[in-house]
Amino acid sequence: MTGEPLLSVEDLAVRFDTEDGVVHAVDGISYTVDRGQVLGLVGESGSGKSVSSMSLMGLTAGRRTTIEGRVMFEGRDLLTLPGSEVRAIRGGAISMIFQDPLSSLHPFYTIGRQLIEGVRAHQDGVSKKAARERAIEMLGLVGIPDPRGRVDAYPHEFSGGMRQRVMIAMALVNEPKLLIADEPTTALDVTVQAQILALIKRLNEELDMAVILITHDLGVVAEIADEVAVMYAGRIVEQAKPEALFEAPEHPYTWGLLRSIPRLDTPRDQELVPVAGRPPSLINRPSGCHFHTRCPYVREAHRRIDPPLEPVALGQEDHVVRCLLPHETRLELWRSLESGADAAAAGRAAGTEVTEIKA
Amino acid sequence: MGVLLLIISAITFLIFYALPSTDPAQLRAGRSGSPELIASIRHNLGLDKPIYVQYYRYVKGIVLHFDFGFSYQTDAPVRQQIVDRLPATISLTVGAVILWLTLAFPVGIVSAVKRRSLVDRAAMGGALLAISAPVYWLGLVALYLFSNDIGQFKIFDGAGTYVPISQNVGTWFSSLLLPWMVLAASFAAFYARLLRSSLTEVLHEDYIRTARAKGLSERTVILRHGVRAAILPLVTVLGLDIGILLGGAILTESVFNIPGIGRLAYDAIKASDYATIQGTVLFGAFFIIVANLIVDIAYAVVDPRVRY
């Protein structure tokens with residue numbers, strides 16, 4: 001990639017002022033997305049992954065919301081642009097698809113109408129007829145059989161997978177440069193999931209469209225992402241290329257995520273281990289390392305010192321992690337964990353203290 | 001529908017004929033009526049027959065001839081009475097509906113969009129007042145202030161009277177303005193609140209987020225996507241309310257002296273004019289049933305998911 005990235009998020013912070021206190025939903029995250037690149041944002045619910053990407057488009061704006069940082073898209077800061085210009089980008093150069101395709105489509109309008117509306121919102125002077133043709137073309141592109149016959153159908157007349165295809169078609173009508181896919185496969189069953197992912201990947205390649213894929217499912221990310229960022233409590237705690245992240249993850253939270261999903265390359269009898277403990281409150285966040293309340297390898301200093309996001313080692317600038325454990329210890333811990341050891345055994349093997357975390 | 005009307009007619013018949021109250025024959029004979037006179041009136045009205053015969057005759061008249069009998073009070077055919085009164089009731093209803101919808105929509109939408117703002121609080125506070133104010137009280141206040149004879153500000157021509165539309169469209173309009181406003185006040189308030197809560201809920205829906213993500217203007221998002229979905233609960237109540245009002249807005253018509261079906265029913269009740277009461281009740285029931293039917297049809301039009 002030459003020149004500057006397509007999207008560059010710098011120190012984005014999103015806070016919601018609620019009756020119970022200020023929710024630090026996103027706490028200073030930075031990342032870049034190049035043209036045609038697929039970035040996976042991974043994390044459990046409440047880690048800020050959806051909020052951060054919706055904030056890019058001004059969809060979280062409200063009287064009680066504070067958004068800070070910079071979101072540079074093609075040389076312009078989306079956070080300071082006037083509303084009308086952000087609107088022109090929304091659904092135009094950047095479009096979004098969401099988790100639940102049924103509730104995300106308006107139940108009272110035909111899908112054709114909803115697609116046409118998107119075309120005409122961004123392309124001045126397009127006739128209804130031309131917009132309709134465009135809609136049909138897009139429905140065909142995303143694999144809806146008989147798009148001409150289906151364009152006047154209502155969302156409830158489609159199956160879940162087809163609805164998500166409709167959503168994707170809707171997102172594509174204006175040839176976006178960036179597609180933000182917020183848990184696009186979560187509400188779908190597994191076989192359909194694979195189809196939708198394949199579709200997103202195909203469109204990414206064919207249309208050279210960058211994708212931010214938000215998911216809690218590392219398996220999804222492994223399939224199509226060029227870069228993966230793991231989020232925890234509103235921050236990125238580890239970021240790397242997928243190969244590095246799956247081969248040698250360095251953040252204890254990433255280990256937790258990896259050990260909680262079934263894999264083909266691990267012994268069958270190896271148990272799946274959920275990440276112990278509960279996600280922290282985003283109102284009263286833990287001191288020091290935000291993960292320390294759930295980290296078996298916590299040390300006294302970790303409760304006080306907030307680790308920066310740093311390269312895991314010299315010469316590995318494209319793999320960054322937010323962890324106070326020494327690099328070598330992290331590698332050893334993961335080696336044991338990967339071969340099926342539990343946290344206590346792994347700690348012994350790596351010669352480090354282990355604290356039991358109550359679920 | 002026929003069955004339902006039959007049941008309703010039977011119930012009203014039972015209530016008015018079988019339950020003890022003033023003998024209509026005696027009422028007609030007057031204070032000095034002799035027993036012979038009363039007996040002959042009873043015979044003329046068919047009141048000396050057993051109740052099931054009376055009922056059978058009544059239903060037969062309606063089914064075969066659309067004949068609702070004759071008013072005990074004026075001897076006029078009940079059907080004719082109701083038909084004569086219908087224009088006034090329709091005028092009142094249609095005007096009030098238009099008025100309250102044009103009030104309720106902007107208020108409800110603004111309140112939902114600017115929820116918890118000063119505008120919202122003021123609007124909803126006002127709505128609460130309007131809902132709580134009884135129609136007869138509001139009507140009397142309105143008359144006191146604006147009616148043509150006793151009013152303090154005589155700005156509505158013909159206020160406090162009723163002028164048929166066939167007579168003078170301008171005066172018809174101005175004479176009905178007050179009753180429209182009084183009748184519409186509580187409805188407008190109720191509808192505004194209903195729309196506010198419905199729209200508030202809808203605006204949290206995922207498809208509203210989608211509409212915003214498409215880059216539509218906020219105006220389009222709220223009006224075309226939000227309100228479109230939020231009117232569903234309003235359709236139901238609107239249909240029924242129109243049905244009820246066509247059956248006669250007794251309070252409003254009485255206060256403003258509008259010769260509508262409500263007023264007819266009120267006068268008939270005062271005079272124990274059973275045939276007329278029966279007729280107005282059946283008419284009211286008929287309108288409500290029809291309104292229900294129309295609501296069901298409207299539902300299918302508004303919401304494509306509904307199929308019959």
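Start by selecting chain A of this predicted model and ask how its radius of gyration fits its length. A compact globule of 359 residues would have a radius of gyration near 21 Å, and chain A has 22 Å, so the two agree. Turn the chain around: along its principal axes, the C-alpha trace spans about 70 × 45 × 45 Å.

Now colour chain A by secondary structure. You should find 13 helices and 12 strands. Buried residues make up 45% of the chain's 359 residues. What share of the contacts with a separation of 6 or more joins residues 24 or more positions apart? In chain A that share is 62%.

**Stop 1: strands at the start of chain A**

Select residues 7-18 of chain A, which form strand E1, together with residues 21-33, which form strand E2. These strands pair in the antiparallel sense over 10 bridges. Zoom in on the turn, where a hairpin of 2 residues joins E1(A) to E2(A). Beside it, Thr18(A) stands opposite Gly21(A) of E2(A).

Next, add residues 65-73 of chain A, strand E4. Which way does E4(A) run against E1(A), parallel or antiparallel? The pairing is antiparallel, over 8 bridges. To see one of the partnerships, show Glu10(A) and find Arg70(A), its bridge partner in E4(A).

**Stop 2: where the chains touch**

Bring chain B into view. The contact takes 23 residues from chain A and 17 residues from chain B. On the chain A side, select helix H2 (83-89), strand E6 (94-97), helix H3 (101-104) and helix H4 (111-122), each of which supplies at least two residues. Which element gives the largest share of this side? That is H4(A), with 4 residues. If you colour this side of chain A by residue class, you will find 10 nonpolar, 9 polar and 4 charged residues.

**Stop 3: the nonpolar core**

Now look inside. The largest nonpolar core has 175 residues, and Leu213(A) and Ala188(B) have the most contacts inside it. Select residues 169-202 of chain B to show helix H8, which gives the most to this core, 17 residues. Then centre on Ala188(B): leaving aside residues up to four places away in sequence, Ala188(B) touches Trp100(B), Leu103(B), Ala104(B) and Ala130(B).

**Stop 4: the domains of chain B**

Finish by giving the two parts of chain B their own colours. Domain 1 covers 2-65, while domain 2 is made of 82-262 and 288-306. How many Å separate their centres? Taken over C-alpha atoms, the separation is 38 Å.

How values were computed
Residues are numbered from 1 along each chain as its sequence is written. Chains are lettered from A and ligands numbered from 1 in the order in which they are written. This is a predicted model: local features need pLDDT of at least 70, side-chain atom pairs count only at pLDDT 80 or more; totals for chains, interfaces and linings use all residues. Two strands pair if DSSP finds at least two bridges between them. Domain bounds come from an automatic or database domain assignment. The radius of gyration is taken over C-alpha atoms; the globule rule is 2.2 Å times the number of residues to the power 0.38. A residue is buried if 20 or more other C-beta atoms lie within 10 Å of its own, exposed if 12 or fewer, and partly exposed in between; C-beta atoms are placed from the backbone. Two residues are in contact if their C-beta atoms, placed from the backbone, lie within 7 Å. A nonpolar core is a set of buried Ala, Val, Leu, Ile, Met, Phe, Trp, Tyr and Cys residues joined through C-beta atoms within 7 Å. Ala, Val, Leu, Ile, Met, Phe, Trp, Tyr, Cys and Pro count as nonpolar, Asp, Glu, Lys and Arg as charged, and the others, Gly among them, as polar.
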